[in-house]
Amino acid sequence: MFSPRHSAFRILLIACTSAAALALSGCSEEKAETKEIVRPVKVVEIAAIDTSRTLSYSGTVRARTEMNLGFRVNGKITERLVDVGQRVKSGDLLARIDPSDYQLALTSAKASLDAAERQVETTQLARIRAEQLFAKNVAPKSQLEQATLGYNQAVATRDSARSALDQATNQVSYTDLKSDQNGIVTAVSADIGQVVGSGTPVVSVAVDGEKEVLVAIPETDIGQFKLGKVVTVGFWSDAALMLQGKVREVAGSAEPQSRTFAVRISLPNDQNVLLGMTAGILAAAADTKQLVSIPLSALAKKDDQPIVWTVDRAAETVHSRPVEVADFTGDGVRIAEGLKPGDVVVAAGTQFMTEGLKVKLDSEAAQQSAAAENTQLVR
């Protein structure tokens, strides 16, 4: 026989057990009703294979011929008559050095020539006198020979003095630095008061005529630039100005500091192209590998390995795929290995992707071409 207390305890235990069972049943039903997460994504479809690429580099417009002018004698600069950007004509005076010493040398040369000419006159009279005496058998032949030799020596001394005078005259004229051709002053390397040696560049003049663009090309792309190759040239100052240039010269060795190769591209005559303008070139380059292009936002990384997230259309799930990056362009990244035409790649939100995640394609941007060509000049 159970006491009333035991009966009450039993009833309480049964009630608790029933409540716990109902609670567990409710949790199971709640879990069963939980829906699987489906994330909407924006994708691109690899639509074509890019077998060529566009090379883009910046350069500077320069004159095809540029003269670095310097004095032909040593001296101290006393005048500089031109500034950078000034237009000069052939024969215009650019700078002058102190001519005092050279004028003194000219005066000395003139005096030496006068003395030499007087000596010639004196020896000529002696030779004529010796010839007359020898003709009358008054003087021996040796005296005539000696007079003739003295005259010849005096003539040689006069000729040497005349050459020295010409040289001194030239030295004085060399104290004036003049332009050889029409052009524009592009640089001034020395100023008033500076002592310069012969041949030291003082003024640089860009000669009027053909212009060109000087571009520095890295060694990875220098093989794409051959003599005569046609490239498109644009200018930062005028986006509408586009010219067709040709590769005129390719340096045979790289610059020691930059390790780049100087490439000169000749330009057609156009009055809107001015010296010193910044220009950009576009040149087509054939690739040895077939490359596909994707947006930069589609590239992710997993375990330090570049990957993309591809979409399985049938299962509507995403899966990571390792890829090999070829290079980066102005509008994305080019992939050398890992993708092929027809693959669907997640274009944005790659940080939210997990293996096998259910996704829903964005109906407005379900497919976008990943083979966009870079047709505008990179600035």
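How many bridges join strand 5 and strand 7, and in which sense do the two strands pair? I will start with that question. Strand 5 covers residues 75-80, strand 7 covers residues 93-97, and the pairing is antiparallel, over three bridges. Please keep in mind throughout that this is a predicted model.

Before I go further into that sheet, a few words on the chain. The protein chain has three helices and 23 strands. Of its 379 residues, 31% are buried. Among contacts with a separation of 6 or more, 74% are between residues 24 or more positions apart. The accessible surface is about 23000 Å², and carbon and sulfur atoms hold 52% of that.

On confidence, the average pLDDT of the protein chain is 84, and 83% of the residues score at least 70. Two stretches should be read with care. Residues 1-9 stay under 50 in pLDDT, and the model gives them one contact beyond four places in sequence. Residues 22-33 also stay under 50, and for this stretch the model has zero contacts beyond four places in sequence.

Back to the sheet. Strands 5 and 7 belong to an open sheet of four strands, in the order 8-7-5-10, with antiparallel pairing. Strand 8 and strand 10, the latter being residues 195-196, are at the edges; each has a single partner strand, so one side of each has no neighbour in the sheet. As a general reminder, strands of a sheet pair through backbone hydrogen bonds, either parallel or antiparallel.

Let me walk across this sheet, beginning at strand 8. Strand 8, residues 176-178, pairs with strand 7 in the antiparallel sense, over three bridges. Which residue of strand 8 is the bridge partner of Arg96? The partner is Asp176. Arg96 is in strand 7, and there Arg96 is also the bridge partner of Glu79. Arg96 therefore has a bridge partner on either hand, Glu79 and, in strand 8, Asp176. Next along, Arg80 stands opposite Ala95 of strand 7.

The last step is from strand 5 to strand 10. These two strands run antiparallel and are joined by two bridges. Lys76 stands opposite Val195 in strand 10, and Gly75 has Val196 of strand 10 as its bridge partner.

The second sheet I want to show is also open and has four strands, in the order 4-11-9-6, again with antiparallel pairing. Here the edges are strand 4, residues 66-69, and strand 6, residues 87-88; each of them has a single partner strand, so one side of each is left without a neighbour in the sheet. Inside that order, strand 9, residues 183-188, pairs with strand 11, residues 203-207, in the antiparallel sense over five bridges. In that pairing Val188 stands opposite Val203 of strand 11.

Now to a helix. Which residues does Arg127 touch, leaving aside those up to four places away in sequence? Arg127 is in helix 2, which covers residues 100-135, and its contacts of that kind are Leu144, Ala147, Thr148 and Tyr151. Is Arg127 buried or exposed? The relative accessible area of Arg127 is 18%, and the cut-off for buried is under 20%, so Arg127 counts as buried. One of the contacts deserves a closer look: Arg127 lies over the face of Tyr151, at 4.6 Å from the ring centre. As for rings against rings, a search of the whole structure finds zero aromatic pairs.

I will finish with two residues further along the chain. Arg313 is in the loop between strand 18, residues 305-312, and strand 19, residues 317-322. With a relative accessibility of 41%, Arg313 counts as partly exposed. Its C-alpha atom is separated by 9.8 Å from that of Asp343, which is 30 residues apart from Arg313 along the chain.

The other residue is Glu324, in strand 20, residues 324-329. Glu324 is partly exposed too, at a relative accessible area of 38%. How far apart are the C-alpha atoms of Glu324 and Glu337? The separation is 4.9 Å, for two residues 13 apart along the chain.

To recap the sheets: one has the order 8-7-5-10, and the other has the order 4-11-9-6. For the helix, the point to take away is Arg127, buried and lying over the face of Tyr151. That is what I have for today.

Technical notes: Residues numbered from 1 in each chain as written. Predicted model: local features only at pLDDT ≥ 70, side-chain atom pairs only at ≥ 80, totals over all residues. Heavy atoms only, no water. Buried < 20%, exposed > 50% of the residue type's maximum accessible area, 1.4 Å probe, protein only. Contact = heavy atoms within 4.5 Å. Pairing = 2+ DSSP bridges. Phe/Tyr/Trp six-rings, centres within 6.5 Å; stacked < 30°, edge-to-face > 60°. Lys NZ or Arg CZ within 6 Å of the ring centre and 35° of its normal. Areas by Shrake-Rupley, 256 points an atom, 1.4 Å probe, with all protein chains shown as cover. pLDDT = per-residue confidence, 0-100.
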